[in-house]
Amino acid sequence: MAVVGEEPAVARSLAVLRMLLGDRLGRDVGVRMWDGTDVEAPGAAFSLAVNAPFALRAAFTPPLDVNPGKAFVEGWIDITGNLEAAIDTLERAMDGLSKLALLRIGAELARLPKPPPGESSPTAHLRGRMHTKTRDAAAIGFHYDQPVAFYRAFLGRALVYSCAYWDDGIATLDEAQRRKLDYVLDKLRVKPGGSLLDIGCGWGALVIRAAERGLRAHGITLSRRQHEEANRRIAEAGLEDRASVELRDYRDVDDRRYDAVASIGMIEHVGRERLGEYFRCAFRALREGGLFLNHGIVQQSRDGKGYRAAGDFIGRYVFPDGDLVPLHVTTRAAESAGFEVRDVENLREHYARTLRAWVANLIAHEEEVVDATDVRTERIWRMYMTGSARGFALGRMGLMQTLLGKPRSDGRTDVPATRRDLYASAR
(Lines give C-alpha, C1' and ligand atoms only; values in the text may rest on other atoms or scores of the structure.)
Protein backbone atom coordinates (compact mmCIF):
# COMPACT_ATOMS: atom_id res chain seq x y z
CA MET A 1 0.00 0.00 0.00
CA ALA A 2 1.49 3.32 -1.09
CA VAL A 3 0.41 6.40 0.87
CA VAL A 4 1.41 9.74 -0.62
CA GLY A 5 1.38 12.90 1.50
CA GLU A 6 -0.57 11.75 4.54
CA GLU A 7 -1.26 14.68 6.90
CA PRO A 8 -2.57 14.68 10.48
CA ALA A 9 -5.88 16.18 9.36
CA VAL A 10 -6.77 13.02 7.45
CA ALA A 11 -5.16 10.44 9.73
CA ARG A 12 -8.36 9.60 11.60
CA SER A 13 -10.35 9.07 8.39
CA LEU A 14 -7.64 6.78 7.06
CA ALA A 15 -7.66 4.87 10.34
CA VAL A 16 -11.40 4.29 9.94
CA LEU A 17 -10.90 3.00 6.42
CA ARG A 18 -8.10 0.68 7.53
CA MET A 19 -10.36 -0.79 10.24
CA LEU A 20 -13.19 -1.15 7.76
CA LEU A 21 -11.31 -2.53 4.76
CA GLY A 22 -8.26 -4.22 6.25
CA ASP A 23 -5.72 -5.35 3.64
CA ARG A 24 -8.17 -4.50 0.82
CA LEU A 25 -7.20 -0.85 1.29
CA GLY A 26 -4.40 -0.19 -1.17
CA ARG A 27 -4.98 -3.53 -2.89
CA ASP A 28 -8.63 -3.64 -3.97
CA VAL A 29 -9.57 -0.09 -3.01
CA GLY A 30 -7.78 3.15 -3.67
CA VAL A 31 -8.59 6.32 -1.70
CA ARG A 32 -8.12 10.02 -2.32
CA MET A 33 -8.69 12.42 0.58
CA TRP A 34 -9.97 15.99 0.38
CA ASP A 35 -6.46 17.41 0.89
CA GLY A 36 -4.93 15.37 -1.93
CA THR A 37 -3.60 12.51 0.19
CA ASP A 38 -3.65 9.29 -1.87
CA VAL A 39 -3.76 5.62 -1.01
CA GLU A 40 -2.87 4.16 -4.37
CA ALA A 41 -4.28 0.82 -5.55
CA PRO A 42 -3.19 0.26 -9.16
CA GLY A 43 -5.62 -1.90 -11.09
CA ALA A 44 -8.40 -1.71 -8.45
CA ALA A 45 -11.99 -1.86 -9.70
CA PHE A 46 -12.81 1.40 -7.98
CA SER A 47 -11.39 4.22 -5.91
CA LEU A 48 -13.08 6.07 -3.06
CA ALA A 49 -12.89 9.86 -2.82
CA VAL A 50 -13.41 11.31 0.67
CA ASN A 51 -14.27 14.91 -0.11
CA ALA A 52 -14.73 16.46 3.34
CA PRO A 53 -13.47 15.94 6.90
CA PHE A 54 -16.97 14.86 7.98
CA ALA A 55 -17.63 12.59 4.98
CA LEU A 56 -17.00 9.20 6.60
CA ARG A 57 -18.99 10.14 9.68
CA ALA A 58 -21.83 11.19 7.41
CA ALA A 59 -21.67 7.95 5.42
CA PHE A 60 -21.03 5.26 8.02
CA THR A 61 -23.06 6.23 11.07
CA PRO A 62 -26.69 5.12 11.48
CA PRO A 63 -29.12 5.02 9.87
CA LEU A 64 -27.10 2.92 7.44
CA ASP A 65 -30.08 2.39 5.11
CA VAL A 66 -29.94 6.15 4.36
CA ASN A 67 -26.58 7.73 5.13
CA PRO A 68 -24.18 6.00 2.68
CA GLY A 69 -26.49 6.87 -0.21
CA LYS A 70 -27.05 10.40 1.09
CA ALA A 71 -23.30 10.99 1.38
CA PHE A 72 -22.86 9.88 -2.25
CA VAL A 73 -25.75 12.03 -3.48
CA GLU A 74 -24.41 15.10 -1.71
CA GLY A 75 -20.93 14.50 -3.15
CA TRP A 76 -19.30 14.09 0.25
CA ILE A 77 -17.96 10.77 -0.95
CA ASP A 78 -17.50 9.71 -4.54
CA ILE A 79 -16.60 6.59 -6.46
CA THR A 80 -14.32 6.45 -9.48
CA GLY A 81 -14.71 3.22 -11.41
CA ASN A 82 -17.19 0.42 -10.78
CA LEU A 83 -19.93 1.68 -8.43
CA GLU A 84 -21.55 -1.75 -8.13
CA ALA A 85 -18.23 -3.27 -7.04
CA ALA A 86 -17.84 -0.45 -4.51
CA ILE A 87 -21.29 -1.05 -3.01
CA ASP A 88 -20.58 -4.77 -2.82
CA THR A 89 -17.14 -4.33 -1.23
CA LEU A 90 -18.27 -1.79 1.37
CA GLU A 91 -21.41 -3.71 2.33
CA ARG A 92 -19.52 -6.98 2.71
CA ALA A 93 -16.86 -5.19 4.75
CA MET A 94 -19.50 -3.78 7.12
CA ASP A 95 -21.27 -7.14 7.41
CA GLY A 96 -17.98 -8.90 8.21
CA LEU A 97 -17.04 -6.71 11.17
CA SER A 98 -17.21 -7.97 14.72
CA LYS A 99 -19.17 -6.04 17.34
CA LEU A 100 -15.90 -4.89 18.88
CA ALA A 101 -14.64 -3.61 15.52
CA LEU A 102 -17.91 -1.77 14.95
CA LEU A 103 -17.58 -0.11 18.35
CA ARG A 104 -14.02 0.97 17.58
CA ILE A 105 -15.02 2.37 14.19
CA GLY A 106 -17.98 4.14 15.77
CA ALA A 107 -15.69 5.75 18.37
CA GLU A 108 -13.35 7.00 15.63
CA LEU A 109 -16.23 8.31 13.52
CA ALA A 110 -17.61 10.21 16.51
CA ARG A 111 -14.31 12.12 16.72
CA LEU A 112 -14.65 13.39 13.15
CA PRO A 113 -16.47 16.69 12.49
CA LYS A 114 -20.27 16.54 12.29
CA PRO A 115 -21.87 16.74 8.84
CA PRO A 116 -24.03 19.76 8.02
CA PRO A 117 -27.67 19.48 9.15
CA GLY A 118 -30.58 19.04 6.77
CA GLU A 119 -30.72 17.83 3.18
CA SER A 120 -30.27 19.71 -0.06
CA SER A 121 -31.62 16.89 -2.26
CA PRO A 122 -35.36 16.51 -2.94
CA THR A 123 -37.05 13.96 -0.70
CA ALA A 124 -40.59 12.65 -0.62
CA HIS A 125 -42.96 14.20 1.92
CA LEU A 126 -46.26 12.38 1.45
CA ARG A 127 -49.31 13.06 3.59
CA GLY A 128 -52.32 11.00 4.58
CA ARG A 129 -52.94 7.28 4.83
CA MET A 130 -50.80 5.05 2.62
CA HIS A 131 -52.24 3.88 -0.70
CA THR A 132 -55.25 6.12 -0.80
CA LYS A 133 -55.88 7.49 -4.28
CA THR A 134 -54.60 10.93 -3.33
CA ARG A 135 -51.39 9.68 -1.73
CA ASP A 136 -50.74 7.16 -4.52
CA ALA A 137 -51.03 9.98 -7.06
CA ALA A 138 -48.47 12.00 -5.08
CA ALA A 139 -46.09 9.02 -4.81
CA ILE A 140 -46.34 8.30 -8.53
CA GLY A 141 -45.80 11.96 -9.32
CA PHE A 142 -42.64 12.07 -7.19
CA HIS A 143 -41.16 9.05 -8.95
CA TYR A 144 -42.27 9.55 -12.56
CA ASP A 145 -42.89 13.25 -13.16
CA GLN A 146 -39.30 14.09 -13.99
CA PRO A 147 -38.80 15.67 -17.43
CA VAL A 148 -39.21 13.15 -20.24
CA ALA A 149 -35.72 14.06 -21.48
CA PHE A 150 -34.29 12.69 -18.21
CA TYR A 151 -35.86 9.26 -18.70
CA ARG A 152 -35.16 9.14 -22.43
CA ALA A 153 -31.44 9.71 -21.79
CA PHE A 154 -31.05 6.33 -20.11
CA LEU A 155 -34.15 4.29 -21.02
CA GLY A 156 -33.69 4.54 -24.76
CA ARG A 157 -35.99 5.35 -27.66
CA ALA A 158 -39.03 3.35 -26.57
CA LEU A 159 -39.12 4.77 -23.01
CA VAL A 160 -39.65 1.36 -21.43
CA TYR A 161 -39.03 1.57 -17.68
CA SER A 162 -39.19 -2.13 -16.84
CA CYS A 163 -37.12 -5.28 -17.23
CA ALA A 164 -36.00 -6.00 -20.80
CA TYR A 165 -35.87 -9.52 -22.27
CA TRP A 166 -32.36 -10.43 -23.42
CA ASP A 167 -33.17 -13.20 -25.84
CA ASP A 168 -30.43 -15.02 -27.76
CA GLY A 169 -28.72 -12.78 -30.29
CA ILE A 170 -29.96 -9.51 -28.77
CA ALA A 171 -27.15 -7.04 -28.21
CA THR A 172 -28.77 -3.66 -27.52
CA LEU A 173 -31.17 -2.36 -24.90
CA ASP A 174 -33.62 -1.12 -27.54
CA GLU A 175 -33.75 -4.59 -29.11
CA ALA A 176 -34.21 -6.24 -25.72
CA GLN A 177 -37.06 -3.91 -24.79
CA ARG A 178 -38.78 -4.48 -28.12
CA ARG A 179 -38.48 -8.24 -27.52
CA LYS A 180 -39.95 -7.82 -24.03
CA LEU A 181 -43.00 -5.99 -25.36
CA ASP A 182 -43.59 -8.74 -27.91
CA TYR A 183 -42.94 -11.41 -25.28
CA VAL A 184 -45.68 -9.94 -23.08
CA LEU A 185 -48.13 -9.83 -25.98
CA ASP A 186 -47.16 -13.35 -27.05
CA LYS A 187 -47.80 -14.67 -23.54
CA LEU A 188 -51.22 -13.04 -23.61
CA ARG A 189 -51.94 -14.84 -26.92
CA VAL A 190 -53.49 -11.68 -28.35
CA LYS A 191 -54.81 -11.56 -31.91
CA PRO A 192 -55.31 -8.62 -34.29
CA GLY A 193 -58.70 -7.05 -33.63
CA GLY A 194 -58.60 -7.96 -29.95
CA SER A 195 -58.48 -5.51 -27.06
CA LEU A 196 -55.84 -4.87 -24.38
CA LEU A 197 -55.84 -2.89 -21.14
CA ASP A 198 -52.42 -1.81 -19.82
CA ILE A 199 -52.61 -0.90 -16.11
CA GLY A 200 -49.83 1.53 -15.25
CA CYS A 201 -48.85 2.05 -18.88
CA GLY A 202 -45.89 4.38 -18.43
CA TRP A 203 -45.10 6.42 -21.52
CA GLY A 204 -47.20 4.11 -23.69
CA ALA A 205 -44.67 1.67 -25.14
CA LEU A 206 -46.79 -1.47 -24.73
CA VAL A 207 -49.97 0.30 -25.86
CA ILE A 208 -48.20 1.51 -28.99
CA ARG A 209 -46.67 -1.89 -29.73
CA ALA A 210 -50.04 -3.61 -29.22
CA ALA A 211 -51.68 -1.16 -31.63
CA GLU A 212 -48.92 -1.79 -34.19
CA ARG A 213 -49.82 -5.48 -33.94
CA GLY A 214 -53.46 -4.72 -34.73
CA LEU A 215 -55.03 -4.57 -31.26
CA ARG A 216 -57.25 -1.90 -29.75
CA ALA A 217 -55.11 -0.87 -26.79
CA HIS A 218 -55.94 1.35 -23.85
CA GLY A 219 -53.57 2.38 -21.07
CA ILE A 220 -54.01 4.09 -17.72
CA THR A 221 -51.45 5.95 -15.59
CA LEU A 222 -51.42 8.28 -12.59
CA SER A 223 -48.44 10.27 -13.89
CA ARG A 224 -49.42 13.46 -15.70
CA ARG A 225 -46.18 13.61 -17.64
CA GLN A 226 -46.50 9.99 -18.71
CA HIS A 227 -50.09 10.64 -19.81
CA GLU A 228 -49.05 13.64 -21.91
CA GLU A 229 -46.05 11.94 -23.48
CA ALA A 230 -47.88 8.67 -24.21
CA ASN A 231 -50.66 10.44 -26.09
CA ARG A 232 -48.13 12.60 -27.95
CA ARG A 233 -46.30 9.46 -29.08
CA ILE A 234 -49.56 7.76 -30.09
CA ALA A 235 -50.46 10.76 -32.23
CA GLU A 236 -46.97 10.90 -33.71
CA ALA A 237 -47.30 7.24 -34.72
CA GLY A 238 -50.73 7.85 -36.25
CA LEU A 239 -52.39 5.28 -33.98
CA GLU A 240 -55.18 7.36 -32.40
CA ASP A 241 -57.82 5.14 -34.01
CA ARG A 242 -56.80 2.12 -31.92
CA ALA A 243 -54.57 3.37 -29.06
CA SER A 244 -55.31 5.67 -26.14
CA VAL A 245 -53.94 6.51 -22.69
CA GLU A 246 -55.99 7.92 -19.85
CA LEU A 247 -55.08 9.61 -16.57
CA ARG A 248 -56.86 7.23 -14.20
CA ASP A 249 -56.38 5.20 -11.02
CA TYR A 250 -56.63 1.42 -11.44
CA ARG A 251 -59.46 1.45 -8.89
CA ASP A 252 -61.51 3.63 -11.23
CA VAL A 253 -61.35 1.42 -14.31
CA ASP A 254 -64.72 1.55 -16.08
CA ASP A 255 -67.04 -1.34 -17.01
CA ARG A 256 -65.41 -2.21 -20.34
CA ARG A 257 -64.20 -5.78 -20.78
CA TYR A 258 -60.92 -6.54 -22.50
CA ASP A 259 -59.60 -9.66 -24.20
CA ALA A 260 -56.29 -9.29 -22.31
CA VAL A 261 -54.89 -7.21 -19.46
CA ALA A 262 -51.25 -6.39 -18.71
CA SER A 263 -49.62 -4.67 -15.78
CA ILE A 264 -45.89 -4.07 -16.21
CA GLY A 265 -44.00 -2.73 -13.21
CA MET A 266 -47.13 -1.41 -11.51
CA ILE A 267 -47.73 -3.84 -8.64
CA GLU A 268 -44.76 -2.46 -6.71
CA HIS A 269 -46.80 0.73 -6.15
CA VAL A 270 -49.99 -0.98 -4.99
CA GLY A 271 -49.16 -1.89 -1.38
CA ARG A 272 -49.74 -5.29 0.18
CA GLU A 273 -52.97 -4.18 1.85
CA ARG A 274 -54.42 -3.29 -1.57
CA LEU A 275 -53.37 -6.36 -3.53
CA GLY A 276 -56.79 -7.98 -3.28
CA GLU A 277 -58.46 -4.86 -4.66
CA TYR A 278 -55.84 -4.58 -7.41
CA PHE A 279 -56.41 -8.13 -8.64
CA ARG A 280 -60.20 -7.79 -8.36
CA CYS A 281 -60.06 -4.70 -10.57
CA ALA A 282 -58.02 -6.56 -13.19
CA PHE A 283 -60.38 -9.55 -12.92
CA ARG A 284 -63.45 -7.36 -13.56
CA ALA A 285 -61.79 -5.72 -16.57
CA LEU A 286 -61.06 -9.07 -18.24
CA ARG A 287 -63.54 -11.10 -20.25
CA GLU A 288 -64.10 -14.74 -19.32
CA GLY A 289 -61.36 -16.98 -20.67
CA GLY A 290 -58.97 -14.04 -21.01
CA LEU A 291 -55.44 -13.70 -19.65
CA PHE A 292 -53.76 -11.20 -17.34
CA LEU A 293 -49.96 -10.82 -17.40
CA ASN A 294 -48.70 -9.35 -14.13
CA HIS A 295 -45.03 -8.34 -14.39
CA GLY A 296 -43.48 -7.08 -11.18
CA ILE A 297 -40.67 -7.18 -8.63
CA VAL A 298 -40.91 -9.53 -5.67
CA GLN A 299 -38.75 -9.70 -2.57
CA GLN A 300 -36.92 -13.01 -2.10
CA SER A 301 -35.52 -12.88 1.43
CA ARG A 302 -35.82 -16.02 3.53
CA ASP A 303 -37.82 -14.30 6.26
CA GLY A 304 -40.72 -13.80 3.84
CA LYS A 305 -41.52 -10.35 5.21
CA GLY A 306 -41.02 -8.41 2.02
CA TYR A 307 -39.71 -4.87 1.75
CA ARG A 308 -41.62 -1.63 2.26
CA ALA A 309 -39.95 1.66 1.29
CA ALA A 310 -40.30 4.09 4.17
CA GLY A 311 -37.59 6.24 5.74
CA ASP A 312 -34.71 4.52 3.96
CA PHE A 313 -32.78 5.82 0.95
CA ILE A 314 -35.19 4.45 -1.66
CA GLY A 315 -38.28 5.58 0.25
CA ARG A 316 -36.97 9.11 0.79
CA TYR A 317 -35.25 9.80 -2.51
CA VAL A 318 -36.72 7.54 -5.19
CA PHE A 319 -39.69 5.26 -4.65
CA PRO A 320 -41.93 6.46 -1.79
CA ASP A 321 -44.48 3.91 -0.55
CA GLY A 322 -43.00 1.18 -2.74
CA ASP A 323 -43.84 -2.30 -1.46
CA LEU A 324 -42.18 -5.52 -2.57
CA VAL A 325 -43.81 -8.70 -1.27
CA PRO A 326 -42.86 -12.36 -1.72
CA LEU A 327 -44.28 -14.20 -4.72
CA HIS A 328 -46.67 -16.31 -2.65
CA VAL A 329 -48.38 -13.16 -1.37
CA THR A 330 -49.16 -11.96 -4.90
CA THR A 331 -50.33 -15.33 -6.17
CA ARG A 332 -52.54 -15.85 -3.12
CA ALA A 333 -54.16 -12.44 -3.69
CA ALA A 334 -54.64 -13.23 -7.39
CA GLU A 335 -56.27 -16.57 -6.65
CA SER A 336 -58.52 -15.00 -4.02
CA ALA A 337 -59.76 -12.59 -6.72
CA GLY A 338 -60.73 -15.55 -8.92
CA PHE A 339 -57.68 -15.96 -11.13
CA GLU A 340 -55.99 -19.22 -11.96
CA VAL A 341 -52.18 -19.15 -12.07
CA ARG A 342 -51.13 -20.54 -15.46
CA ASP A 343 -47.43 -19.71 -15.67
CA VAL A 344 -44.68 -18.01 -13.63
CA GLU A 345 -41.27 -16.96 -14.94
CA ASN A 346 -38.50 -15.24 -12.97
CA LEU A 347 -36.50 -12.80 -15.10
CA ARG A 348 -34.23 -11.45 -12.37
CA GLU A 349 -31.00 -11.95 -14.36
CA HIS A 350 -32.61 -10.02 -17.22
CA TYR A 351 -33.37 -7.14 -14.85
CA ALA A 352 -29.80 -7.03 -13.50
CA ARG A 353 -28.57 -6.70 -17.08
CA THR A 354 -31.24 -4.09 -17.89
CA LEU A 355 -30.32 -1.96 -14.90
CA ARG A 356 -26.64 -2.12 -15.78
CA ALA A 357 -27.51 -0.95 -19.30
CA TRP A 358 -29.51 1.95 -17.84
CA VAL A 359 -26.61 2.94 -15.58
CA ALA A 360 -24.21 2.82 -18.54
CA ASN A 361 -26.59 5.09 -20.47
CA LEU A 362 -26.91 7.43 -17.50
CA ILE A 363 -23.13 7.79 -17.35
CA ALA A 364 -22.77 8.12 -21.12
CA HIS A 365 -25.46 10.84 -21.26
CA GLU A 366 -24.61 12.52 -17.95
CA GLU A 367 -24.67 16.01 -19.46
CA GLU A 368 -28.18 15.49 -20.88
CA VAL A 369 -29.40 14.05 -17.58
CA VAL A 370 -28.03 16.97 -15.56
CA ASP A 371 -29.41 19.49 -18.04
CA ALA A 372 -32.87 17.92 -17.67
CA THR A 373 -32.71 17.70 -13.87
CA ASP A 374 -29.63 18.42 -11.72
CA VAL A 375 -26.44 16.78 -10.45
CA ARG A 376 -28.04 15.35 -7.31
CA THR A 377 -30.88 13.68 -9.25
CA GLU A 378 -28.34 12.02 -11.54
CA ARG A 379 -26.45 10.71 -8.51
CA ILE A 380 -29.64 9.52 -6.78
CA TRP A 381 -30.64 7.46 -9.78
CA ARG A 382 -27.14 6.15 -10.40
CA MET A 383 -26.96 4.88 -6.83
CA TYR A 384 -30.55 3.53 -6.90
CA MET A 385 -30.19 1.62 -10.15
CA THR A 386 -26.72 0.30 -9.37
CA GLY A 387 -27.84 -1.01 -5.99
CA SER A 388 -30.93 -2.55 -7.58
CA ALA A 389 -28.82 -4.33 -10.19
CA ARG A 390 -26.81 -5.89 -7.37
CA GLY A 391 -30.03 -6.93 -5.59
CA PHE A 392 -31.28 -8.80 -8.65
CA ALA A 393 -27.88 -10.35 -9.37
CA LEU A 394 -27.66 -11.71 -5.82
CA GLY A 395 -31.23 -13.01 -5.85
CA ARG A 396 -32.50 -10.68 -3.15
CA MET A 397 -35.19 -9.57 -5.59
CA GLY A 398 -36.94 -11.39 -8.38
CA LEU A 399 -38.82 -10.15 -11.44
CA MET A 400 -41.88 -12.33 -11.90
CA GLN A 401 -44.04 -12.54 -14.99
CA THR A 402 -47.16 -14.28 -13.71
CA LEU A 403 -49.72 -15.33 -16.30
CA LEU A 404 -53.20 -15.50 -14.82
CA GLY A 405 -56.38 -16.80 -16.41
CA LYS A 406 -60.02 -15.86 -15.79
CA PRO A 407 -61.71 -19.25 -16.18
CA ARG A 408 -64.98 -19.68 -18.02
CA SER A 409 -67.76 -21.57 -16.28
CA ASP A 410 -66.41 -24.82 -17.76
CA GLY A 411 -62.88 -24.05 -16.49
CA ARG A 412 -61.32 -23.18 -19.85
CA THR A 413 -58.96 -20.23 -20.44
CA ASP A 414 -57.35 -19.01 -23.64
CA VAL A 415 -53.99 -20.59 -23.00
CA PRO A 416 -52.61 -23.57 -24.94
CA ALA A 417 -51.52 -26.78 -23.27
CA THR A 418 -47.81 -26.10 -23.95
CA ARG A 419 -45.49 -23.13 -24.35
CA ARG A 420 -44.56 -24.21 -27.87
CA ASP A 421 -46.17 -21.13 -29.41
CA LEU A 422 -43.89 -18.85 -27.38
CA TYR A 423 -40.78 -20.61 -28.58
CA ALA A 424 -42.00 -20.53 -32.18
CA SER A 425 -42.77 -16.82 -32.03
CA ALA A 426 -39.22 -16.05 -30.88
CA ARG A 427 -37.70 -17.57 -34.01
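Start by selecting the charged side chains of this predicted model: Lys and Arg for the positive set, Asp and Glu for the negative one. You'll pick up 61 positive and 59 negative side chains. Colour the two sets separately and look for their centres, which lie 4 Å apart.

Now show the surface. The protein exposes about 18,700 Å², and carbon and sulfur atoms supply 50% of that area. As for what sits underneath, 54% of the 427 residues count as buried.

Next, switch to a cartoon view and you'll have 17 helices and 14 strands to wander through. Turn the C-alpha trace along its principal axes, where it spans about 80 × 45 × 40 Å. How does the radius of gyration fit a compact globule? For 427 residues such a globule would have a value near 22 Å, and the protein has 24 Å, so the two agree.

Try drawing contacts too. Among those with a separation of 6 or more, 73% join residues 24 or more positions apart.

Time to zoom in: select residues 55–60, which make up helix H2, and pick out Ala58 there. Is Ala58 buried or exposed? Its relative accessible area is 6%, under the 20% cut-off, so Ala58 counts as buried.

Which residues does Ala58 touch, leaving aside those up to four places away in sequence? Select Asn67, Trp76 and Pro115 to see these contacts.

For a last stop, add Leu222 to your selection and draw a line between its C-alpha atom and that of Ala58. The two residues are 164 positions apart along the chain, and the line should come to 36 Å.

How values were computed:
Residues are numbered from 1 along each chain as its sequence is written. This is a predicted model: local features need pLDDT of at least 70, side-chain atom pairs count only at pLDDT 80 or more; totals for chains, interfaces and linings use all residues. Side-chain values use heavy atoms; hydrogens and water are left out. Helices (H or I, at least four residues) and strands (E, at least two) are DSSP runs, numbered from the N terminus. The radius of gyration is taken over C-alpha atoms; the globule rule is 2.2 Å times the number of residues to the power 0.38. Buried means under 20% relative accessible area, exposed over 50%, partly exposed in between (1.4 Å probe, protein chains only). Contact means heavy atoms within 4.5 Å. Accessible areas come from the Shrake-Rupley method with a 1.4 Å probe; for residues, only the protein chains shown count as cover. The place of a charge is taken as NZ of Lys, CZ of Arg, CG of Asp or CD of Glu.
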